[in-house]
Amino acid sequence: MPETVTFTDPTGQRKPIALETFVVPGDLPDVAQRTGKIPEPDPHYVDLGMLYKLAALEKVRRAGVTDTPLHVALRGHMGTGKDHDLEQFAALLRLPYYRIPLTGEVRDITLIGSVKLYGDGRGGTESRWEDGDITRALRGPALISLSELNAAGAETLFALHGLLDRYQALDLPTGETVHLRTDTRVFGTMNPTDLRDYAGTQTLNKAFADRWVIWEKRFPDAAQIESMLVRRYPKLKAPFVTTIARLAAEVNESFTSRDARTRVGTPMSLRTVLDRIPAGLWMYSDDADPLRRAWEEFVVSHIDAFDEDHYETVWAAVARRGPDGPPFSR
Ligand SMILES: Nc1ncnc2c1ncn2[C@@H]1O[C@H](COP(=O)(O)OP(=O)(O)OP(=O)(O)O)[C@@H](O)[C@H]1O
Ligand SMILES: [Mg+2]
């Protein structure tokens, strides 16, 4: 039975959106495996507006306003939370989540499928079709997240053109046509290529790009980072929360700066902010300056040598010395 989930606008400006959840039909051959792929809601997840925006689009889709389904690709720098948004959207709508990376190595046979040889038990072999990653996902309700869209080679992308446009289906070499179900959603994620290079990525092929609604995912600002830190680490003392949030926001602002002489070359991802720095604070809890120590061991050690001066400049401007420890209250 579908349930109803309500998405609220974090800015409080728009009305809440209620959506029915998806249901995995009990008669699918892979029902148990598929149901197991429904993600759990993350209690530490903070909706900065993306879930609400995805829900608003979902509502439009369900209203049947457009003829061709709208597939959304989230474009943003490393560790801005693109995959996490899609995973949490799947969790709330109870959709099995299939994350399929499109690296340069991935070939269309991996995605679509291929004929494999099997022993026939009589000393010979027989050939059988075996679904690839996307085909398998398309056989039931799914939220398919094609990650690193712009890392895939052109031939791989061409194989997906029909699926993503009005045709809404994948033609298999076996003659079978696999249709995009009404309870399947295709999303993508990618890093921007304009500003910095991410090894192995390229600008998206224009015809492929035209099959997506591309939404920009920006770096969170200091207040948003604070809310994520507080949610995840309720015992982290306020001066630490504000200083870490400012350090990250300043580094990332410098990363997006136009001035090539002063900008940093590596942003501070949410993984650094939410996982590595707090781990460092635990480790160096009794140090004279726990944040400085965590910064040296878990942030600066991550960046290229030429970036160290830039990071130091930000540190000096924001902190100079970290707040007094211990960082976590009892
Ligand atoms: N809204 C959020 N609330 C709380 N934590 C978040 C949020 N968004 C992301 N995170 C955390 O930040 C980290 C990075 O998120 P994620 O892996 O989704 O980034 P990404 O944009 O897909 O990065 P990449 O481009 O490197 O693949 C994860 O550890 C995730 O749990
Ligand atoms: Mg990702």
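A residue is called buried here if 20 or more other C-beta atoms lie within 10 Å of its own, and exposed if 12 or fewer do.

**Figure 1. Overview of the predicted model, with its secondary structure and overall dimensions.** In this predicted model, 32% of the 330 residues of the protein count as buried. The fold comprises 13 helices and 11 strands, and the C-alpha trace spans about 70 × 45 × 45 Å along its principal axes. Of the contacts with a separation of 6 or more in the protein, 70% are accounted for by residues 24 or more positions apart.

**Figure 2. The two domains and the residues in contact between them.** The protein is divided into domain 1, covering residues 23–217, and domain 2, covering residues 222–318. The C-alpha centres of domain 1 and domain 2 lie 33 Å apart, and 10 residues of domain 1 are in contact with 11 residues of domain 2. On the side of domain 1 that touches domain 2, the residues divide into 4 nonpolar, 5 polar and 1 charged.

**Figure 3. The open parallel sheet and the helix that packs on it.** Five strands form an open sheet in the order β4-β7-β10-β3-β11, with parallel pairing. The edges are formed by β4 (97–101) and β11 (213–217), each of which pairs on one side only, and neighbouring strands are turned by 20° against each other on average, direction ignored. Helix α3 (residues 82–93) packs on this sheet, where it touches β3 (72–76), β4, β7, β10 and β11, and the direction of α3 makes about 175° with that of β7.

**Figure 4. Strand pairing within the sheet, from β7 through β10 and β3 to β11.** Strands of a sheet pair through backbone hydrogen bonds, either parallel or antiparallel. Strand β7 (residues 142–147) is joined to strand β10 (residues 184–190) by 5 bridges, the two strands running parallel, and Ile-144 stands opposite Val-186 in β10. Strand β3 pairs with β10 in the parallel sense over 4 bridges, with Leu-74 standing opposite Thr-189 in β10. Another 5 bridges join β3 to β11, which also run parallel, and here Ala-73 stands opposite Ile-214 in β11. Strand β3 is mostly covered, since 4 of its 5 residues are buried.

**Figure 5. Helix α10 and the helices that cover its buried residues.** Helix α10 (residues 238–255) has 18 residues and reaches 26 Å from its first C-alpha to its last, close to the 26 Å expected at 1.5 Å a residue. The buried residues of α10 include Phe-240, Val-241, Ile-244, Ala-245, Leu-247 and Ala-248, and Ala-249, Glu-250, Val-251, Asn-252 and Ser-254 are likewise buried. An α-helix has 3.6 residues a turn, so residues three or four places apart point the same way. Among the elements covering the buried residues of α10 are α9 (222–232), α11 (270–283), α12 (290–298) and α13 (308–318).

**Figure 6. The surroundings of Ser-127 in strand β6.** Ser-127 is found in strand β6, which covers residues 125–131, and counts as exposed because it has 11 C-beta neighbours inside 10 Å. When residues up to four places away in sequence are left aside, Ser-127 touches Val-115, Lys-116 and Leu-117. The C-alpha atoms of Ser-127 and Leu-28, which are 99 residues apart along the chain, are separated by 24 Å.

**Figure 7. Backbone geometry at Glu-148, Gln-168 and Pro-326.** Most residues other than glycine have a negative phi, and most peptide bonds are trans. In the loop between β7 and α6 (154–158), Glu-148 has a phi near 55°, a positive value in a residue other than glycine, and Glu-148 counts as buried because 20 other C-beta atoms lie within 10 Å. Gln-168, in the loop between α7 (161–164) and β8 (169–171), has a phi near 50°, again a positive value in a residue other than glycine. With 17 C-beta neighbours inside 10 Å, Gln-168 counts as partly exposed. The peptide bond from Gly-325 to Pro-326 is cis, with omega near 0°, and Pro-326 has its place in the segment after α13.

Technical notes:
Residues numbered from 1 in each chain as written. Chains lettered and ligands numbered in written order. Predicted model: local features only at pLDDT ≥ 70, side-chain atom pairs only at ≥ 80, totals over all residues. Expected span 1.5 Å × (residues − 1). Contact = placed C-beta atoms within 7 Å. Domains from an automatic or database assignment. Nonpolar A, V, L, I, M, F, W, Y, C, P; charged D, E, K, R; others polar. Pairing = 2+ DSSP bridges. Axes fitted to C-alpha atoms, helices over the stretch in contact; angles between N-to-C directions.
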